[in-house]
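Let's take a walk through this model together, with the side chains switched on. Keep the sequence handy as we go.

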Amino acid sequence: MAPEFSPEDILRILERHRVRYVVVGGYAATLHGSSQVTFDVDVTPKRDKENLRRLSDAMAELNARVWTNDEPDGLPFGHDAESLGRANIWNLVTDHGRFDITFKPAGTEGYEDLKRDAVRLNIFGIDVPVASLADVVRSKETAGREKDANALPVLRRLLEEGEPS
């Protein structure tokens, strides 16, 4: 049985471990006002060894497992800073729901690129770095997936209206 999606718990654990990251993807879109529902937290972490060590520690606390369609409860795996840095994408399930790590989202150059225009939003009492709406749109336009194309009209309208402050 899939765990209940609790983004606040995922974000609190990342913050507790002082992981440097930017929230991206569908959850970032939701935080910017999109009405499309998402059931995962996507982040782009900084890819230096110390940050990856902190990320690995946070993943251990989250009880992160590799998620696949065939194994929705996830497959256990060992990880450390070095092993995490060897892949570009990690699709995971945790005790608090789905959690995806993408080091270089489509249309971006990764953490430093996204951090430059990221906004800080207070989510569940946590100061969270979130990719700018323009960066979310840029990434979804480049990804070329059907679910991203479906989200783009609403995101473009939000962008035209101006980001909430």
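**Charges, rings and a bent helix**

Start with Lys104: its relative accessibility is 48%, so this residue counts as partly exposed. Bear in mind that you're looking at a predicted model. Lys104 has a salt-bridge partner in Glu109, and the closest N and O atoms of the two are 3.6 Å apart. Glu109 itself is exposed, because its relative accessible area is 61% and the bar for that label is over 50%.

That pairing is an example of a general idea: side chains of opposite charge can pair when their charged atoms come close. How many salt bridges does the structure have by the rule used here? The count comes to 17.

Another one to click on is Asp113 with Arg138, where the N to O distance is 3.1 Å. This pair links distant parts of the chain, since Asp113 belongs to helix α5 (residues 111–117) and Arg138 to helix α6, 25 residues apart. Is Asp113 buried or exposed? Its relative accessible area is 8%, so Asp113 is buried. Arg138, at 25% relative accessibility, counts as partly exposed.

Arg120 and Asp127 make a salt bridge too, with their closest N and O atoms 2.9 Å apart. Asp127 is partly exposed, at 39% relative accessibility. And if you'd like to see charges joined up beyond a simple pair, go to Glu50, Arg53, Arg54 and Asp57, which are linked in a network of salt bridges.

Now for the rings. The structure holds three aromatic pairs. In one of them, Phe5 and Tyr27 have ring centres 6.3 Å apart and planes at 85°, so they meet edge-to-face. Phe5 sits in the segment before α1 (7–16) while Tyr27 is in helix α2, so this contact ties together parts that are 22 residues apart in sequence. Tyr27 is buried, at 6% relative accessibility, whereas Phe5 is partly exposed, at 22%.

Phe5 also pairs with Phe39, again edge-to-face, with 6.5 Å from centre to centre and 70° between the planes. Phe39 lies in the loop between α2 and β2 (40–45), so here the parts tied together are 34 residues apart in sequence. Phe39 is exposed, with a relative accessible area of 57%. Put the two pairs side by side and you have a cluster: Phe5, Tyr27 and Phe39, linked by ring pairs.

Rings have charged company as well. Arg47 lies over the face of Phe103, 4.1 Å from the ring centre. Over at Trp67, the charged end of Arg98 sits over the ring, 3.7 Å from its centre.

Finish with helix α7, which covers residues 146–161. Does its length come out as expected, and what should these 16 residues span? At 1.5 Å a residue the answer is 22 Å, and the end C-alpha atoms are 24 Å apart, which agrees. Now look along the helix: α7 bends by about 40° at Leu152, and Pro153, a proline, follows within four residues.

Leu152 is also one of the buried residues of α7, alongside Asp148, Ala151, Leu155 and Leu158. What covers them? The cover includes α2 (25–31) and α6 (133–143). You've met both helices already: α2 holds Tyr27, and α6 holds Arg138. Just after α7, Gly162 takes a positive phi of about 95°.

Notes:
Residues are numbered from 1 along each chain as its sequence is written. This is a predicted model: local features need pLDDT of at least 70, side-chain atom pairs count only at pLDDT 80 or more; totals for chains, interfaces and linings use all residues. Side-chain values use heavy atoms; hydrogens and water are left out. Helices (H or I, at least four residues) and strands (E, at least two) are DSSP runs, numbered from the N terminus. The expected span of a helix is 1.5 Å times one less than its number of residues. The bend at a residue is the angle between axes fitted to the seven residues ending there and the seven starting there. Buried means under 20% relative accessible area, exposed over 50%, partly exposed in between (1.4 Å probe, protein chains only). Contact means heavy atoms within 4.5 Å. A salt bridge is a side-chain nitrogen of Lys or Arg within 4 Å of a carboxyl oxygen of Asp or Glu. Rings of Phe, Tyr and Trp (its six-membered ring) pair if their centres lie within 6.5 Å; planes under 30 degrees apart count as stacked, over 60 as edge-to-face and the rest as tilted. A charge sits over a ring if NZ of Lys or CZ of Arg is within 6 Å of the ring centre and within 35 degrees of the ring normal.
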